[in-house]
Amino acid sequence: MKLIGKRIERDRSGHVTVRPEDDEDMWHLYNLIQEGDRIRAAGIRRIQNVSATGSVDSKRIRLNLTLAVTRINWSPSAAPGAESGTTAGAPNTAPEATASVEIAGRVAEENPHVKLGAFHTLEIEANKDVRIEKDEGGWDSVALERVEESCVPGRGAEVAAIVCGEGTATFCLLSEHMTVVLQRLEVPIPRKISTTSSAHEKGLARFYQSLYASFLRHVPYSSPSLRAIVVASPGWVRDGVFDYIMTEAARTSNKPLLAARNKFIKVHVNSPHVHSLVEALKSPEIAAQMKETKFAREGIMLDRFFKMLASDEMRAWYGPDHVALAADRGAIGTLLISDELFRASDAAQRKRFVGIVEDVGSKGGEVLIFSSMHESGQQLNQLTGIAAILTFPLDIEVVEAEEREAKAAEERKKAEENGVTD
């Protein structure tokens, strides 16, 4: 995403103008825009003109509109469905679908074609400027950090993954904030009845051919930003897939693919489904190579939290109220929080979570904001969306008892003061 303009006042009001370029930029916009913001972007409006004779002329025109946001919707890019490899040719491919952000609201600035206060729905377009204007306090630290992250040049997919089983394969690209499923491949392979079963071998050959064609079509193996290509599967399917890809690359003299051989990492997973990516990213082979990436760090810390929860629960807290208590005591070493919590329509609720993030950061703790477009973020969402690994053990029951005593003492003090005043 390109940063076109930015003006933030001391009271955290102001505007930012950006130009989204891909699906991940759309995801950033969805997380930046809140109800009550004013958005200026290009849109299409149907205009009706009534002539003197009473005839109605209707036409669609493109114009720039400023909306006071009342609703925002996110539509992720749709991956092609499962494909069959029973045909002789290459698998059919569905046309690429891009993610979209749809904004509904009232027109907030006068326009020659649209009345002030009229309802309109804008669909944000790629490579078109979008201006986001927020009132006092709107541009908090979390929002500004997301703007900075999204506008880093050279950002792109860092990991490609093929999660496969016998006859199935799912192609994914992982970037800092998103896991995009590019294609699901499914080729029926007859069971191996005997050692001379030709039907099984033919089905396996069709699967490898379809997988290789899909690999060339979807995986940007020659991209400098791509650090690793993960081939994950139960059993030994990953070895057969990797060997076939390298053999075909040598047979067809595909030099860029042969040069990318060192990017391939074969990993064992328990299930041939997309959610196994979390398991794959925690493997030592990938952790050593991807330790600097955001999503790998998130997966490792989430795994550490679950292990801590099982072995030393006094150092693993989750839930908004409990994590807030731990933050007040300066006990949080690592805060795990989902970006879904910052999309709360209640401004006070968002402000509360931003306050926890800033409090932990100011006391030297590590803050990891998980993307709910990654499998690790979805797992965290199932656990209230916020969790913390503490630097020292705290008993929840003792802390809650202390809080109740402190509130009771404060109420007694107020009652005494009121009594003296009366």
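This tour moves through a sheet region, a helix and a cysteine, naming what to select at each stop.

The model is predicted, so local features need pLDDT of at least 70 and side-chain atom pairs count only at pLDDT 80 or more, while totals for chains, interfaces and linings use all residues. Residues are numbered from 1 along each chain as its sequence is written, and side-chain values use heavy atoms, with hydrogens and water left out.

Begin by selecting strand 6, residues 100-107; helices (H or I, at least four residues) and strands (E, at least two) are DSSP runs numbered from the N terminus. Of the 8 residues in strand 6, 6 are buried, where buried means under 20% relative accessible area, exposed over 50% and partly exposed in between, with a 1.4 Å probe and protein chains only.

Next add strand 4, residues 56-75, which runs antiparallel to strand 6 and is joined to it by 8 bridges; two strands pair if DSSP finds at least two bridges between them. Here Val 69 has Gly 105 of strand 6 as its bridge partner. Then add strand 7, residues 119-123, which pairs with strand 6 in the antiparallel sense over 5 bridges, and find Leu 122 in strand 7 as the bridge partner of Ile 103.

Now select helix 3, residues 198-218, whose end C-alpha atoms are 30 Å apart, in agreement with the 30 Å expected for 21 residues at 1.5 Å a residue (1.5 Å times one less than the number of residues). Its buried residues include His 200, Phe 207, Leu 211 and His 218.

Finish at Cys 164, which counts as buried because its relative accessibility is 0%.
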